[in-house]
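Me: Please take a close look at one part of this structure and set it in the context of the rest. I am new to it, so kindly explain each term as it appears.

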Amino acid sequence: MRDPAEPGMRVHGPRDAADGDGPPSHGIALATRLPVREWRARRLPPSPVGMPLRVPGLAGLRMTADQPRCALAAVLEGARGPFTVVAVHLSFVPGWNVGQLVAVRRWIAGLPRPHLLLGDLNLVGPVPPLALGGAWRALARTRTYPSHRPVVQFDHVLAAGLGRAAVRSAGAPAVPVSDHRPLVVDLEL
């Protein structure tokens, strides 16, 4: 449910008190232990068309409308200098999600590199790096959805301007809190 008193997108940081008295909401989060130089948020409009999807607990497919999406970027201060991390949850509508991904790439182009882009892209396996272009690569390739028995990778950690030696480990552990497995990538930046 959107809060009509707050029509803009809000970015909450460590100084914001979460008193729990506001209206229900949803979004994405980006948590870090590193100093943040700058926060940015960008709205990504929903697809104008829905799509039939399987809904857990219901038989068959249900026509489902898309939702507004967003991207949250942080310019972080790393041991070797600044870099940019972007969290996203893209549309489930094929093609529309690729357009959102390309828009995010353009939006962060002027921010400090390396760039890390992570989240539920609703795009399978090798598609995201191909859609982003030659400078981008996947830091992990492992199935993440559905969590109880993963058959596809919808969740990604992608990088531009980061060498392969920076990846220490990657995996998608089973957890009881989501329909997706988290994609965990340990990096040396």
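**A tryptophan and its surroundings**

Reply: Trp107 counts as buried, because its relative accessibility is 18%; buried means under 20% relative accessible area, exposed over 50%, and partly exposed in between, with a 1.4 Å probe and protein chains only. The model is a predicted one, in which local features need pLDDT of at least 70 and side-chain atom pairs count only at pLDDT 80 or more, while totals for chains, interfaces and linings use all residues. Residues are numbered from 1 along each chain as its sequence is written, and side-chain values use heavy atoms, with hydrogens and water left out.

Trp107 belongs to helix H1, which covers residues 96-108. Helices (H or I, at least four residues) and strands (E, at least two) are DSSP runs, numbered from the N terminus. Setting aside residues up to four places away in sequence, Trp107 touches Arg40, Ala41, Arg42, Ala71, Ala73 and Val86; a contact means heavy atoms within 4.5 Å. For one of these partners, Ala73, the separation from Trp107 is 34 residues in sequence and 9.7 Å in space, C-alpha to C-alpha.

The whole chain gives the setting for this helix. The chain has 2 helices and 10 strands, arranged along the sequence as β-β-β-β-β-α-β-α-β-β-β-β. Of its 189 residues, 37% are buried. Among contacts with a separation of 6 or more, 65% link residues 24 or more positions apart. The accessible surface of the chain is about 11,200 Å², with 56% of it on carbon and sulfur atoms; such areas come from the Shrake-Rupley method with a 1.4 Å probe, and for residues only the protein chains shown count as cover.

Strand S5 leads to a pocket. On a 1 Å grid over the protein atoms alone, a pocket is an open set of points where a 1.4 Å probe fits, with protein on both sides within 12 Å along at least five of seven lines, and lining residues have an atom within 4 Å of a point. The second largest pocket has a volume of about 780 Å³; grid points are joined across faces, edges and corners, and a volume is the space filled by probe spheres set on the points. Its lining holds 28 residues, and Leu30, Val85, Leu118, Val157 and Leu183 lie nearest the centre of the second largest pocket. At least two lining residues come from each of S5 (81-89), S6 (115-120), S8 (155-160) and S10 (184-187), and S5 gives the most, with 5 residues. By type, the lining of the second largest pocket comprises 19 nonpolar, 5 polar and 4 charged residues. Here Ala, Val, Leu, Ile, Met, Phe, Trp, Tyr, Cys and Pro count as nonpolar, Asp, Glu, Lys and Arg as charged, and the others, Gly among them, as polar.

Gly81 is part of strand S5 and counts as buried because its relative accessibility is 16%. Gly81 and Pro112 stand 31 residues apart in sequence, with 9.0 Å between their C-alpha atoms. Pro114 sits in the loop between H1 and S6, and the bond joining Arg113 to Pro114 is a cis peptide bond with omega of about 10 degrees. Past S6, Asn122 lies in the loop that runs to helix H2 (127-132). Asn122 is not a glycine, yet has a positive phi of about 50 degrees.

Gly133 is in the loop between H2 and S7, and its C-alpha atom is 9.6 Å from that of Arg105, 28 residues away along the chain. A second cis peptide bond runs from Tyr145 to Pro146, with omega near -10 degrees, and Pro146 belongs to the loop between strand S7 (136-138) and S8.

Tyr145 also takes part in ring pairing. Rings of Phe, Tyr and Trp (its six-membered ring) pair if their centres lie within 6.5 Å; planes under 30 degrees apart count as stacked, over 60 as edge-to-face and the rest as tilted. This rule yields 1 aromatic pair. Tyr145 and Phe154 form that tilted pair, with 5.4 Å from centre to centre and 40 degrees between the planes. Tyr145 is partly exposed because its relative accessibility is 27%, whereas Phe154, at 18%, counts as buried.
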